[in-house]
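Here is a brisk report on one chain. Look at the sequence and the fold first, then read on.

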Amino acid sequence: MQSVLKAIYPPACMGCGDMTEADHALCGACWRETPFLGGALCDLCARPLPGEAEPGLRCDA
């Protein structure tokens, strides 16, 4: 059944819809254009925080 579904609905890029090798993946072009979060982030909500990144950071929200 899985092979029939993959034949009908092949894996597609979550950004642009181009074919990919795996489900829920990004193609190379979308991967390059994706802005990833970095620096100091809250461990619970990923809100950007001032200062240096370290484990266990939490924002006030």
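## Overall build

Over residues 4–59 the chain is 20% helix and 0% strand. The C-alpha atoms at the two ends of this stretch lie 47 Å apart. The model is predicted. The stretch 4–59 matches a record: an unreviewed UniProt entry annotates these residues as "domain: Double zinc ribbon". That label comes from the record and may be inferred rather than shown by experiment.

## The N-terminal helix and its patch

Helix H1 spans residues 2–8 and contains Leu5. Leu5 is partly exposed, at 36% relative accessible area. Leu5 also belongs to a nonpolar surface patch of about 580 Å². Its other members are Met1, Val4, Ile8 and Tyr9. Why can Leu5 count towards a patch? Patch residues need over 30% relative accessible area and no salt bridge, and Leu5 has 36%, so the area condition is met.

Leu5 has a distant counterpart for comparison. Leu41 sits in the segment after helix H2, which covers 28–33. Leu5 and Leu41 are 36 residues apart along the chain, and their C-alpha atoms are separated by 39 Å.

## Contacts of Leu41

Which residues does Leu41 touch, leaving out those up to four places away in sequence? They are Ala46, Arg47, Pro48, Leu49 and Leu57.

One of these partners, Ala46, has a backbone feature of its own. Ala46 lies in the segment after H2. Its phi is positive, about 65°, although Ala46 is not a glycine. Ala46 is partly exposed, with a relative accessible area of 29%.

His24 also has a positive phi, about 60°, and is not a glycine either. His24 is placed in the loop between H1 and H2. Is His24 buried or exposed? His24 is exposed, because its relative accessibility is 70% and the exposed class begins over 50%.

## Cysteines

How many disulfides does the structure hold? The count is zero. Cys27 is in no disulfide, and the nearest cysteine sulfur, that of Cys30, is 3.6 Å away. A disulfide needs two cysteine sulfur atoms within 2.5 Å, so the 3.6 Å separation does not qualify. Cys42 is likewise in no disulfide; the nearest cysteine sulfur, that of Cys59, is 3.7 Å away. The 2.5 Å cut-off rules out this pair too, because its sulfur atoms are 3.7 Å apart.

Both Cys27 and Cys42 are buried. For Cys27 the relative accessibility is 13%. For Cys42 the value is 6%. Each counts as buried because the class covers values under 20%.

## Pairs across the chain

Three residues of the segment after H2 are paired below with partners elsewhere in the sequence. The segment holds Thr34, Gly39 and Pro55.

| Pair | Separation along the chain | C-alpha separation |
|---|---|---|
| Gly39 and Ala53 | 14 residues | 5.5 Å |
| Pro55 and Asp43 | twelve residues | 7.7 Å |
| Thr34 and Gly15 | 19 residues | 9.2 Å |

How accessible is each residue from this segment? Gly39 is exposed, with 55% relative accessibility. Pro55 is exposed, at 78% relative accessible area. Thr34 is partly exposed, with 26%. Thr34 falls in the partly exposed class because 26% lies between the limits of 20% and 50%.

## Picture in brief

Helix H1 carries Leu5, a member of the nonpolar patch. The loop between H1 and H2 holds His24, with its positive phi. After H2 come Leu41 and its contact partners, including Ala46. Cys27 and Cys42 are buried, and the structure has zero disulfides.

How values were computed:
Residues are numbered from 1 along each chain as its sequence is written. This is a predicted model: local features need pLDDT of at least 70, side-chain atom pairs count only at pLDDT 80 or more; totals for chains, interfaces and linings use all residues. Side-chain values use heavy atoms; hydrogens and water are left out. Patches are made of residues with over 30% relative accessible area and no salt bridge: like charges are joined within 9 Å, nonpolar side chains (Val, Leu, Ile, Met, Phe, Trp, Tyr) within 5 Å. Accessible areas come from the Shrake-Rupley method with a 1.4 Å probe; for residues, only the protein chains shown count as cover. A salt bridge is a side-chain nitrogen of Lys or Arg within 4 Å of a carboxyl oxygen of Asp or Glu. Helices (H or I, at least four residues) and strands (E, at least two) are DSSP runs, numbered from the N terminus. Buried means under 20% relative accessible area, exposed over 50%, partly exposed in between (1.4 Å probe, protein chains only). Contact means heavy atoms within 4.5 Å.
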